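Please open the model in your viewer and follow the stops below in order, selecting side chains as they are named.

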Amino acid sequence: MDWTALLRLPTTILLILAAIALLFTLVQLVILRNRLHDHQNLAAAGRTLLVLIGFALTLVLTGMGFALRGYRLLADETPVVEIESRILSPQRWELILHWPDGTIRQIPVAGDAWRVDAVVLKWKLPALLSGVPPLYRLDRVSGRYDDPNDEAHAPRTVTDFGEAGGFDLLNLHKQYPQWVPNVDVLFGSGVYLPLVDQGHYTVSLMRTGALVARPDEATQQRIAQPF
């Protein structure tokens, strides 16, 4: 992963700011200790206020950084994930997921097609007018059967990619909307494509929040072949 892409991640930026706020707090603590040692009570009171402000800012930035873990900036059309498929047995597949940052993960999928869902966070006014870009993260990958009877009764596979765990900006907004009033939550529409052996697909997200899935040319030809 290149450093330019790394610095664009909201988590990284917020945690860097949290580290700066923590350093500021520690410096003020040292100055406060010296003021108390010299019995400069009025100056010590001012430094105490700065310590409290710095500590609170550190906590807020750190919390927001972990809440945004897994989210990335959303451009006009942003690559979300590349998918390779390999057949293991009828209606049993292995998917290899490649993220834009170089992360790779293998997951099992049951069915005739794969489905991807993403979560998009869009901002209300005035954040929108100030140019704050939308954020997104991959939410889940699941299998889908062509036959409705199979869909209802056959084994299902769902892989959750909620990297932020229980402490997530989405959950925070649902439970305490007054804490993040400028967040407008939009669930990107899920997309699915038929599975073929040695298939290769790309999934992108439009700025509107719509997911777009595309097979490469060879995969498209395999999909078009009659059974």
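Begin by selecting Asp 139 and Arg 137, whose side chains meet in a salt bridge at 3.5 Å, N to O, the term being used for a side-chain nitrogen of Lys or Arg within 4 Å of a carboxyl oxygen of Asp or Glu. This is a predicted model, in which local features need pLDDT of at least 70 and side-chain atom pairs count only at pLDDT 80 or more, while totals for chains, interfaces and linings use all residues. Residues are numbered from 1 along each chain as its sequence is written, and side-chain values use heavy atoms, with hydrogens and water left out.

With a surface display added, Asp 139 counts as buried because its relative accessibility is 14%, where buried means under 20% relative accessible area, exposed over 50%, and partly exposed in between (1.4 Å probe, protein chains only). Arg 137, at 6% relative accessibility, likewise counts as buried.

Keep Asp 139 selected and add Arg 140, since the side chains of these two residues also meet in a salt bridge, here at 3.3 Å, N to O. Arg 140 has a relative accessibility of 38% and therefore counts as partly exposed.

Next, move to Arg 156 and Glu 151, where another salt bridge joins the side chains at 3.3 Å, N to O. Arg 156 is partly exposed, with a relative accessible area of 44%, and Glu 151 is partly exposed as well, at 26%.

Finally, return to Arg 137, Asp 139 and Arg 140 and display them together, as salt bridges with shared partners join these residues into one network. By the rule given above, the count of salt bridges comes to five.
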